[in-house]
Protein chains: 2
Amino acid sequence: MAEKRRVRIDLEYMGGRYAGFQWQDNALAIQQVVEQALEKLVNHQVRLNASGRTDAGVHAELQPTHADITTRMTDTELKRGLNSLLPWDIQALDVRTVHGKWNSRGDAKWKTYRYVILNREFPSVFDHGRVWHVKQPLDMAAMRAAAAHFIGEHDFSSFRSAGCSGKSPIKNLTAINIEKTGDKIVLHVTANGFLKQMVRNIVGTLAHVGKGKMKVEQMDAILVARDRQAAGPCAPAEGLCLVGVIYQDDLGEK
Amino acid sequence: MAEKRRVRIDLEYMGGRYAGFQWQDNALAIQQVVEQALEKLVNHQVRLNASGRTDAGVHAELQPTHADITTRMTDTELKRGLNSLLPWDIQALDVRTVHGKWNSRGDAKWKTYRYVILNREFPSVFDHGRVWHVKQPLDMAAMRAAAAHFIGEHDFSSFRSAGCSGKSPIKNLTAINIEKTGDKIVLHVTANGFLKQMVRNIVGTLAHVGKGKMKVEQMDAILVARDRQAAGPCAPAEGLCLVGVIYQDDLGEK
C-alpha cells in the first residue's frame, strides 16, 4: 500500500467561468473541479487547500494549493493525470511532494496580485475578460501619489468588503507598483495578506483619484475612517490576477 | 441628402467563433456581422471588402476593409456606432473617409501574419485559442535555416491548400522572422500576397523540421515539387493572426 503524503499543487486558471476558488452550493468553484479530478486519480476523498480564496471571475497565474493523498502515482504522473482531467481553463503547473506540515495558506508570507486597466476609448477584443476597460484618461501621477499612502502597515477596514472572514483588518502592504504599457495601466500590489476584495477596492479608489473624483489628500482620511463607504468603488474582478506567493521556505526561514 | 463616400474601416477580431472573414451560407462570418451592423447605421445595403480573407478561427489585430456608404454620420460617429453594435470579439479600431478608388485588397502591397507556437509540455490556460500547443521541443536553428529557403519570389503551390482562388501561385516572401520568448516561438511572415493557408502550411512544415521529421535540405525540393503533398501538415488556425498590411499610400507611391 502507498503511504499518505502531502503534495503542493500550483494551479493556473482563468476565473471567468467559475464562482471563485472556494466551494459554493449553487455554482461551480475551482476547488470543486480540482478536488473531483484528484479524487478520480487517487480514489479517495480529497480536500484541496489554497493560499487564499480568489473571487468569482478573478484569475491566477500561480495559485499554490496543497492536499493529502494516498496513491502510488509519482508527482509527475499526478501532474499529467490532473491536466488530462482538468478543463482548458484550469491547469496544474507543478505538483511536488512536500513535508507533512507545509501549508499553502498558513505558510504564505507575501502575496502579489496584478490588476490591469485598459485605458482607452474602446475595449480590446484580445483583452476581453482580462482587463478593466476605463474610457476616461487616468492621471498616473495622481494615482501613484495616492497609492503611496497605502504603503506600510495599516488598518484596511475601508477596503474590506462585506462578508470578509479575515481575523484582523491590519495588513502590511509592502508595494504598489503602477506602470503604463501602451494603453494599459498595470498595478502590482504586494502584502502579507489581503482582506476580501481589498485589491479591487484599492484599485477602484485609485481609479477615482485618476479620474479626479477623489483627491490624493483624502487617502489618509479614508484609511483612518475604517469604513468601506469612505473609499472608492470596487473595481471589476476580470482585471485581477493572483501572480505570486512567497513562502517561509523560499525565504530560508524555518 | 448625404453623398456617397468610401470609408476605410480597420477591424480587430478574435476568429474563434466565426467561419472566417468571408460570407458563408451555413455559418456566421465576420463580413456578415460587420455588414449587418453597418447597414443598421446607414440604412442601406452595404458590401464590406477586406484586404484578404482570413480562415475560420484566424485572428486579426489589423484587418483593413472598405465600404461605400451614404450617411450624414461622421467617421467618428460611425466608429462609435459600429462598436456599440458589434459583439465583443469584433471591434473597429479606426474609421476614416478615403478617396473613392482606395481599395483595401487591390492596393495592399505587403501583408504580415504572426504565428505563435507554445512549445512546452502542457497547454497554457491564458493562451487557449491563441497559440498552437506543441509538446515536442522544436529545434529553432533548424527552423530558421529551413525558413531561409522560402525567402524571395517562389512558386508556393506546395503550400497552397485546395480551393484557393488566387490567380498566381508566385508570391514574393520578403521575411520570415522566428523568435523565442519564454515558452513561445513567434513567427512573423511578410509577403506581397498569400495563397490559401500558405502561412499555416509553411509553419506546419517548419515545425516538422523543428521536430526532425523533415530536413532543412528538403526545402528546395518541396518548393520545386509544386505539390501540396510534398510539404508538411497545415498548422492549426488559432495560432495565426493578421497583424499588418502596408498600402501604396503608406509607401508614398501613387
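**Strands, helices and two copies**

Modeller: In this predicted model, strand S3 (residues 59–70) of chain B runs parallel to strand S10 (residues 240–247) of chain B, and two bridges join them.

Biologist: Which residue in S10(B) is the bridge partner of Ala60(B)?

Modeller: The partner of Ala60(B) in that strand is Leu242(B).

Biologist: And how many bridges join S5 of chain B to S10(B)?

Modeller: Strand S5 (residues 108–118) of chain B is joined to S10(B) by seven bridges, and these two strands run antiparallel. Leu242(B) turns up here too, as the bridge partner of Tyr113(B).

Biologist: Switching to helices, at what angle do H3 and H4 of chain A cross?

Modeller: Helix H3 (residues 140–148) of chain A and helix H4 (residues 198–211) of chain A cross at roughly 140°, with their axes coming within 8 Å. Because angles over 145 degrees would count as roughly antiparallel, this crossing makes H3(A) oblique to H4(A). The crossing is right-handed.

Biologist: Which residues meet there?

Modeller: From H3(A) there are Ala142(A), Met143(A), Ala146(A) and Ala147(A), and they meet Leu206(A), Val209(A) and Gly210(A) of H4(A). Sorted by character, the residues of this contact are six nonpolar and one polar, with no charged residue.

Biologist: Last thing, what turn lays chain B on chain A?

Modeller: A turn of 180° does that, with a shift of 0.0 Å along the axis and an RMSD of 0.0 Å, which means that the two chains have the relation of a two-fold axis. The same surface serves both copies, since 100% of the contact residues of chain B recur in chain A.

Note on methods
Residues are numbered from 1 along each chain as its sequence is written. Chains are lettered from A and ligands numbered from 1 in the order in which they are written. This is a predicted model: local features need pLDDT of at least 70, side-chain atom pairs count only at pLDDT 80 or more; totals for chains, interfaces and linings use all residues. Copies are superposed by least squares on the C-alpha atoms of residues with pLDDT of at least 70 in both. Two residues are in contact if their C-beta atoms, placed from the backbone, lie within 7 Å. Axes are lines fitted to C-alpha atoms, for helices over the stretch in contact, and angles run from 0 to 180 degrees between N-to-C directions. Helices (H or I, at least four residues) and strands (E, at least two) are DSSP runs, numbered from the N terminus. Angles under 35 degrees count as roughly parallel, over 145 as roughly antiparallel, 65 to 115 as roughly perpendicular and the rest as oblique. A crossing is left-handed if the near helix is turned anticlockwise from the far one by less than a right angle, and right-handed if clockwise. Ala, Val, Leu, Ile, Met, Phe, Trp, Tyr, Cys and Pro count as nonpolar, Asp, Glu, Lys and Arg as charged, and the others, Gly among them, as polar. Two strands pair if DSSP finds at least two bridges between them.
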